[in-house]
Structures are given as structure tokens and as C-alpha cells.
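Please keep the sequence and the coordinates side by side while reading. The paragraphs below go through the strands, then the core, then the aromatic rings.

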Amino acid sequence: QVQLVESGGGLVQAGGSLRLSCAASGSISSIDYMGWYRQAPGKQREMVAVISSGSSTNYADSVKGRFTISRDNAKNTVYLQMSSLKPEDTAVYYCNGNIRRLQSRVQNYWGQGTQVTVSS
């Protein structure tokens, strides 16, 4: 089985920074793309940032210039460095990835989510 475990969420004041981590564990053969999504109360889940196996990145317009996604392939971990946080960034942040298990096909996995709250 494969698990994605997020950490690093919390409460921060507007203008502050947080760093989220997502570690993939289990019988992993390879990891393709990984990404961060978020869902605020009453809103649909939205893409925040994604990174390919070759480290190409894509960001939502709302976070460009403030958030940075990166990955450590040796640790099967993806990070989201969030700076200049705004109250509208408040949401549950979810990690997502396309992962190939040993002797299996690629499947999509979600983490359990980590709460980020930005106070004004």
C-alpha cells in the first residue's frame, strides 16, 4: 500500500510563511507528478501547484510569486513553501501524486490533508 502524509500546516498571521511537506511511503517503484491542492469551506478543491518528475512546475495564478513547490526524489517527498500568506489562503491543503507501486500500474493517491489558517 502507498500512503501520502502531509505535515507543516498550522495557524499563521497574514504576511507570514509556512512550509508544507508530503512524504510518500510504501512499496513505491516510481513517482510521476506530485501536486498540492486546497479546499476552503464551501468551495471546490482547487489546484495550487504541481511538479513533474522532471521538476517542471505549474502554479495557480493566485499563488504565483508567493508559493514554491519542490521535490526530493530520494526522500519521495514534495514541499510547498508558502510566503506572504493571505487570509484567502486559508484551506485544507492536500497532497496528490501519480505513483507506481512495485510490480503494478500507476495509480493516483491523495493525502489526508493539513489545515492552514491565515489570520488577518
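What follows is a walk through the strand pairings, the nonpolar core and the ring contacts of this model.

The structure is a predicted model, in which local features need pLDDT of at least 70 and side-chain atom pairs count only at pLDDT 80 or more, while totals for chains, interfaces and linings use all residues. Residues are numbered from 1 along each chain as its sequence is written, and side-chain values use heavy atoms, with hydrogens and water left out.

Strands here are DSSP runs of E with at least two residues, numbered from the N terminus, and two strands are called paired if DSSP finds at least two bridges between them. One place to begin is the open sheet of four strands, whose order is S1-S3-S8-S7 and whose pairing is antiparallel. Because S1 and S7 stand at the edges with a single partner strand each, one side of each is left without a neighbour in the sheet. Neighbouring strands of this sheet are turned by 15° against each other on average, direction ignored, where the axes are lines fitted to C-alpha atoms and angles run from 0 to 180 degrees between N-to-C directions. The antiparallel strands S1 and S3 are joined by six bridges, and Glu6 stands opposite Cys22 in S3.

A further set of pairings can be followed outward from strand S4, residues 28-39, which runs antiparallel to strand S9, residues 91-101, with nine bridges between them. Within this pairing, Ile28 stands opposite Arg101 in S9. S4 is also joined to strand S5 (residues 46-51) by five bridges, again in the antiparallel sense, and here Gly35 stands opposite Val50 in S5. S4 and S5 form a hairpin with six residues between them, in whose turn Gly42 has a positive phi of about 80°. From S5 the path continues to strand S6 (residues 57-59), an antiparallel partner held by three bridges, with Ala49 opposite Tyr59 in S6. The hairpin of S5 and S6 has five residues between the strands, and in this hairpin Ser55 takes a positive phi near 70°.

On the side of S9, two other pairings deserve attention. S9 pairs with strand S10 (residues 106-110) in the antiparallel sense over five bridges, and Gly97 stands opposite Tyr109 in S10. Four residues lie between the strands of this hairpin, where Gln103 takes a positive phi near 55°. S9 also runs antiparallel to strand S11 (residues 114-119), to which three bridges join it, and Tyr93 stands opposite Thr114 in S11.

Where does Asp89 lie, and which residues does Asp89 touch? Asp89 is found in the loop between strand S8 (77-82) and S9. Asp89 counts as buried because its relative accessibility is 1%; the scale used takes buried as under 20% relative accessible area, exposed as over 50% and partly exposed as in between, with a 1.4 Å probe and protein chains only. Not counting residues up to four places away in sequence, Asp89 touches Arg38, Arg66, Phe67, Ser84, Val116 and Val118, contact meaning heavy atoms within 4.5 Å.

The next subject is the nonpolar core, defined as a set of buried Ala, Val, Leu, Ile, Met, Phe, Trp, Tyr and Cys residues joined through side-chain atoms within 4.5 Å. The largest such core has 31 residues, and those with the most contacts inside it are Trp36, Leu80, Met82 and Tyr93. At least two residues of this core come from each of strand S1 (2-7), strand S3 (18-26), S4, S5, strand S7 (67-72), S8, S9 and S11. In soluble globular proteins, nonpolar side chains tend to be buried together.

Finally, there are the aromatic rings, where rings of Phe, Tyr and Trp (its six-membered ring) pair if their centres lie within 6.5 Å, planes under 30 degrees apart counting as stacked, over 60 as edge-to-face and the rest as tilted. A search of the whole structure finds two aromatic pairs. Tyr37 and Trp110 form an edge-to-face pair, at 5.1 Å centre to centre and with 65° between the planes. Since Tyr37 lies in strand S4 and Trp110 in strand S10, the pair ties together parts that are 73 residues apart in sequence. Tyr37 counts as buried at 18% relative accessibility, whereas Trp110 is partly exposed, with a relative accessible area of 39%. Tyr94 and Trp110 also form an edge-to-face pair, at 6.4 Å centre to centre and with 85° between the planes. Ring pairs thus link Tyr37, Tyr94 and Trp110 into a cluster.
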